[in-house]
Amino acid sequence: MICHPYRDVSLLIGLCLAALPATSLFPAVAQAAGVPLPSWKHLSSTNGDLPEPNGGKQQTACVVFDIDRDGAADIVIAERTQAPAIIWLRHTKTGWHKYVIDDTKQRPDAGGWPHDVDGDGDLDLIIGGDASSDELWWYENPAPKFDPQIPWKQRIIKQGGGRAHHDHLVADFQGTGRPQLMFWNQGARKLFMAQIPDHPRSAGPWPLTEILDTSKVKTAIKQEGMAAFDVDGDGRVDLLAGIYWFKHRGGSDFQPIQIADHPGRIVAGHFQPGKVAQIVLGPGDGDGPLWFIECHGEPTDPKAWKRRSLLDRDVLSGHTLAAADINADGNLDIFCAEMHTPGPKEKCTAWILYGDGKGNFQVQPLSVGIGNHDSRVADVNGDGRLDIVTKPYTWDTPRVDVWLNRGGSGP
């Protein structure tokens, strides 16, 4: 798992999908000793270090991927109350510059995923409408002809049916050699799989297959969260969504294995040795523990999954969770953060849990009082180090912050 410039989406699988709930200054896990702690340089649009993003007061999605193929991840911000709905910030030698993706007023939801939909060698953007929309879209990357004022072409993936499309990703879950799109449709209370057409530029809505109906599943909040990783160590990518990981049984048959009772943000990886991966799950739209979930037995048996809290308190409106080797020591780390509003207001915290590869973590607080929502981990300046991009949902908007990883051993 390496969250690097998003040139190859296969490298993203299970990594940079959203975020890990907060770990307190006194985590309930064993402390990792001798872990290198990077230092950080904070940039913010509030100081003029980056352009102010879209405008409006409801920043829903943040996606980071290499749009112009220069080796550095660019920053995409979506907003649902004003035009432009979607913009991207391009990093150059003279700083970040704002470009438009959708110059109209739309209602994009949180989530979003980069994928080369049309097969032309650059990454396009997949993103869906919120609870007022029954549509899911992809935006065609115009590379190499970038104009700050010319929007990208929007094309339809789904139109009709249930509303709200929070969380999506692309990977070859069926093992066919061609990737599929998975997405939640919260209005329908279902999980869907879409096959990417041979000619997506001219195709209408994509063929959809229902993977799971959660209409009778009782949870404290709506089903959300999505990641991809080889959970059981059989060499094939598995889907993680909501409170489940899914074992592919052939064709469109995916067996849901329940590993928790509270959906939210979810990631998986090898935080400690073993064939079977570990799963980290924290709250999204709600409060709850940050769970470290590991298998003691057969991974398709729900009873084999045992969990322990990584914090000594609940995470309040987390909505940010990511796993990546942030300090480049060869071990998987966790980035987690809380929203400001709703959330603990001026006490909202973002942390990094540095792993030692044995299931232990050392905590480095990154910020206190700065709201996070769909914040991401990626190399945004092309120096080979993983940086952090944060944005709030409604607090202090419009706003975007970047934390540049300076390496070394910081405070």
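Two strands are taken to pair if DSSP finds at least two bridges between them. By that criterion, in this predicted model, strands E2, E3, E4 and E5 form an open sheet in the order E2-E3-E4-E5, with antiparallel pairing. Its edges are strand E2, spanning 59-65, and strand E5, spanning 95-102, each of which pairs on one side only. With direction ignored, neighbouring strands of this sheet are turned by 20° against each other on average.

At the E2 edge, the partner strand is E3 (residues 74-79), and the two are joined in the antiparallel sense by five bridges. Within this pairing, Gln59 lies opposite Glu79 of E3.

A further open sheet of four strands follows the order E14-E15-E16-E17, and its pairing is antiparallel. Here the edge strands are E14 (226-229) and E17 (253-258), each pairing on one side only. The average turn between neighbouring strands of this sheet is 30°, direction ignored.

Strand E14 pairs with strand E15 (residues 238-241) through four bridges in the antiparallel sense; Phe229 has Asp238 of E15 as its bridge partner. In a regular strand, side chains alternate between the two faces of the sheet. How are the two faces of E14 placed, covered or open? Both are covered: Met226 and Ala228 are buried on one side, while Ala227 and Phe229 are buried on the other. Buried here denotes under 20% relative accessible area.

At the other edge of this sheet, strand E16 (residues 244-250) runs antiparallel to E17, and six bridges join them. There, Phe246 stands opposite Pro256 of E17.

Technical notes
Residues numbered from 1 in each chain as written. Predicted model: local features only at pLDDT ≥ 70, side-chain atom pairs only at ≥ 80, totals over all residues. Heavy atoms only, no water. Axes fitted to C-alpha atoms, helices over the stretch in contact; angles between N-to-C directions. Buried < 20%, exposed > 50% of the residue type's maximum accessible area, 1.4 Å probe, protein only.
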